[in-house]
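Hi everyone, thanks for making time. I'd like to walk you through a structure that's new to most of us, so have a look at the picture while I talk.

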Amino acid sequence: MAGLLSTPSNVLASAGVAYVHYLSFMVCFGALVLERRLIRSNPERKDAILMVITDVTYGVAALAVLLTGILRVLYFGQGSSFYTENPLFWWKVGTYLSVGALSLYPTITYILWAIPLRKGELPQVSEALAARLRWVLNIELAGFASIPLMAALMARGVGLPG
Ligand code: HEM
């Protein structure tokens, strides 16, 4: 693998995959911050539409983080066992999956908004629902913020047994 990676095209592919991994992480984080700012009870039409668009952007970027992460484990990293033998890697993957599972709640909520929005009506969002979504987004943001720390430690072999 080290030999393969030393060819110029593989170095570029590896850098490209790493770049998309970081860029999509930033897009995810930015989308969550924007959603957190936008959420309020009985939003205006333009804000409700922006929330739906932001959530779709978040979903696509989260998928890109996952795909580039898998590519790095399999082809462009330090060998897959370097990661799979490290509990920190599994904490990182677990945190990512937990955040993803948690984001189903806001996502399903916004998908349901599309029904009134398409009819030209506004979605009914109570203060209690807005407060709940704010909390979910807080937890997601905290989860996402902790992942780069696990990644930085993992990339340097911290947590490897022996
Ligand atoms: C299941 C999903 C993920 C997988 C499989 C994955 C996998 C990887 C791999 C293999 C590396 C390369 C480490 C090295 O250079 O040896 C890496 C680096 C990194 N990942 Fe991920 N990743 C995932 C999700 C995420 C997420 C969600 C974030 C951000 C929130 C993230 C942030 C980073 C960062 C900042 C690095 C660079 C670490 C460094 O070189 O110091 N990753 N990831």
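Let me start with a question: does Lys92 count as buried or exposed, and why? Lys92 counts as buried, because its relative accessibility is 15%, and the cut-off for buried is under 20%. Keep that lysine in mind, as we'll come back to it. One caution before I go on: this is a predicted model.

Okay, the overall picture. The chain has seven helices and zero strands. So if you read the elements from the N terminus on, you just get α-α-α-α-α-α-α. Taken along the principal axes, the C-alpha atoms fill a box of roughly 60 × 35 × 20 Å. There are 162 residues in the chain, and buried ones make up 36% of them.

Now to the ligand, which has an iron atom in it. Which protein atoms act as donors to that iron? They are NE2 of His21 and NZ of Lys92, and they lie 1.9 to 2.1 Å from the iron. So there's our lysine again. The two residues come from distant parts of the chain: His21 is in helix α2, residues 8–38, while Lys92 is in helix α5, residues 87–102, and 71 residues separate the pair. The iron has six donor atoms, with angles of 80 to 177 degrees among them, and the site is octahedral.

Let's stay with His21 for a moment. His21 counts as buried too, because its relative accessibility is 11%. One of its polar side-chain atoms lies 2.8 Å from a nitrogen atom of the ligand. The His21 side chain also reaches the backbone nitrogen of Gly69, at 3.4 Å.

What else is around the ligand? There are 23 residues around it, and those that come nearest are His21, Gln78, Tyr83, Lys92 and Arg156. Take Gln78: an N or O atom in its side chain is 2.5 Å from an oxygen atom of the ligand. For Arg156, a polar side-chain atom lies 2.8 Å from a ligand oxygen.

Which helix gives the most to this shell? That's α7, with seven residues. At least two residues each come from α2, α3, α5 and α7, where α3 covers 45–76 and α7 covers 127–155. And if you're looking for the pockets, the space taken by the ligand is the largest one.

Last stop, the loop between α2 and α3. Ile39 has its place in that loop, and Ile39 counts as buried because its relative accessibility is 4%. Ile39 and Arg134 are 95 residues apart in sequence, yet their C-alpha atoms are 7.0 Å apart in space. Asn42 is found in that loop as well. What's the thing to look at there? Its phi is near 40 degrees, a positive value in a residue other than glycine.

To recap, then: the chain is built with seven helices and zero strands, and His21 and Lys92 are the protein donors of the ligand's iron. That's my tour, thanks for listening.

Definitions and conventions:
Residues are numbered from 1 along each chain as its sequence is written. This is a predicted model: local features need pLDDT of at least 70, side-chain atom pairs count only at pLDDT 80 or more; totals for chains, interfaces and linings use all residues. Side-chain values use heavy atoms; hydrogens and water are left out. Donors are N, O and S atoms within 2.8 Å of the metal (3.2 Å for Na, K and Ca); water is not among the atoms, so sites may look incomplete. Four donors count as tetrahedral if all angles lie between 85 and 135 degrees; four count as square planar and six as octahedral if opposite donors are over 155 degrees apart and all others between 65 and 115; anything else is irregular. Helices (H or I, at least four residues) and strands (E, at least two) are DSSP runs, numbered from the N terminus. Buried means under 20% relative accessible area, exposed over 50%, partly exposed in between (1.4 Å probe, protein chains only). A residue is near a molecule or strand if one of its heavy atoms lies within 4 Å of it. A polar contact is a pair of N or O atoms within 3.5 Å; within protein, one must be able to donate a hydrogen and the other to accept it, and residues adjacent in sequence count only if both atoms are side-chain atoms. On a 1 Å grid over the protein atoms alone, a cavity is a set of points where a 1.4 Å probe fits but cannot get out, and a pocket is an open set with protein on both sides within 12 Å along at least five of seven lines; lining residues have an atom within 4 Å of a point. A molecule sits in a cavity or pocket if more than half of its atoms lie within 2 Å of its grid points.
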